[in-house]
Amino acid sequence: MKAIVLNASLRKAWNTARLLKSAAEGAKSAGAEVEYIDLYDLDFTGCRSCMLCKRKDVERCHCYWKDDLAPVIDRIFHADELLIGTPIYLGRPTSRYFALMERLHFCSLSYDDYSNYFIGKINVGLFVSMNATKEFYDSLYKDKFEGYAKELEMLNGRVCLYPCYDTLQVSDYSRFNMGSFDESRKKLSREKNFPEDLKNAYQIGRDLLN
Ligand SMILES: Cc1cc2nc3c(=O)[nH]c(=O)nc-3n(C[C@H](O)[C@H](O)[C@H](O)COP(=O)(O)O)c2cc1C
């Protein structure tokens, strides 16, 4: 069994990365071979509209643009589990997340009839970390992120969306102009909830391999 873990946050040791690392441990505990990739370390763009993936008689579900992402896309399509994480930036996933999705989705989409070329099955865990509280997420972001999770159904497996609310964005708020945040409330929420989030991420990484 193979699990691919993709971090679409550029911070390698903060909230999103920690959730993903915990999910990766869960996948390992279920016997998976895990590959962990920080997407911001790779050199790639979104779809270049080269149309090579739409040529007649070529291999499907393969991105022909030669850069760091193309081999990762191949490995995603051959994995059993995809664990992907993004922070919320201005109400959306990060630009790296979108660049990846353009490439992954487009090369598996038929332009003959808009069907899905991909016939395998990959279960997906989508981890989303944010400043927002659950209440804010539910009223403003939930529908949108359920839409991003739905897009991942193109991989024909189960998709588990995990929102991680009210994260700590910096370790010392007093050094920044971040007056809209109450540091002590944030820290309390972190202490109370983040260990549970990590446990849940572990379980998701493990369960999605069954
Ligand atoms: C450019 C930028 C935009 C952000 N926009 C939002 C936002 O719209 N909503 C939100 O809840 N959090 C927002 N955040 C906060 C992050 O989503 C949050 O701190 C997240 O947990 C960071 O993940 P990381 O620790 O993996 O980098 C933003 C952070 C940055 C840097």
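These entries record what I looked up on aromatic contacts and one surface patch in a predicted model.

**Entry 1, aromatic pairs.** I searched the whole structure and found 13 aromatic pairs. I began with phenylalanine 106 and tyrosine 111, whose ring centres are 5.3 Å apart with 90° between the planes, an edge-to-face pair. I then checked accessibility: phenylalanine 106 is buried at 16% relative accessible area, whereas tyrosine 111 is partly exposed at 43%.

**Entry 2, a pair within a helix.** I next looked up tyrosine 137 and tyrosine 141. Their planes stand at 70° with the centres 6.4 Å apart, so I entered this pair as edge-to-face. Both residues belong to helix α4 (residues 134-151); because they are four residues apart, about one helical turn separates them. I noted tyrosine 137 and tyrosine 141 as buried.

**Entry 3, the cluster.** I asked which aromatic cluster includes Tyr137 and Tyr141. I found that one cluster is formed by Tyr97, Phe98, Phe136, Tyr137, Tyr141, Phe145, Tyr148 and Tyr165.

**Entry 4, charges over rings.** I returned to tyrosine 111 and found the charged end of lysine 54 over its ring, 5.7 Å from the centre. I also recorded arginine 55, which lies over the face of tyrosine 64 at 5.0 Å from the ring centre.

**Entry 5, a surface patch.** I located a nonpolar surface patch of about 340 Å², made by Leu10, Tyr89 and Leu90. I placed leucine 10 in the loop between β1 (2-7) and α1 (15-29). Is leucine 10 buried or partly exposed? I entered leucine 10 as partly exposed, because its relative accessible area is 46%, and the limits for that class are 20% and 50%.

Note on methods: Residues numbered from 1 in each chain as written. Predicted model: local features only at pLDDT ≥ 70, side-chain atom pairs only at ≥ 80, totals over all residues. Heavy atoms only, no water. Patch = residues over 30% accessible without salt bridge, like charges linked within 9 Å, V, L, I, M, F, W, Y side chains within 5 Å. Areas by Shrake-Rupley, 256 points an atom, 1.4 Å probe, with all protein chains shown as cover. Salt bridge = Lys/Arg side-chain N within 4 Å of Asp/Glu carboxyl O. Buried < 20%, exposed > 50% of the residue type's maximum accessible area, 1.4 Å probe, protein only. Phe/Tyr/Trp six-rings, centres within 6.5 Å; stacked < 30°, edge-to-face > 60°. Lys NZ or Arg CZ within 6 Å of the ring centre and 35° of its normal.
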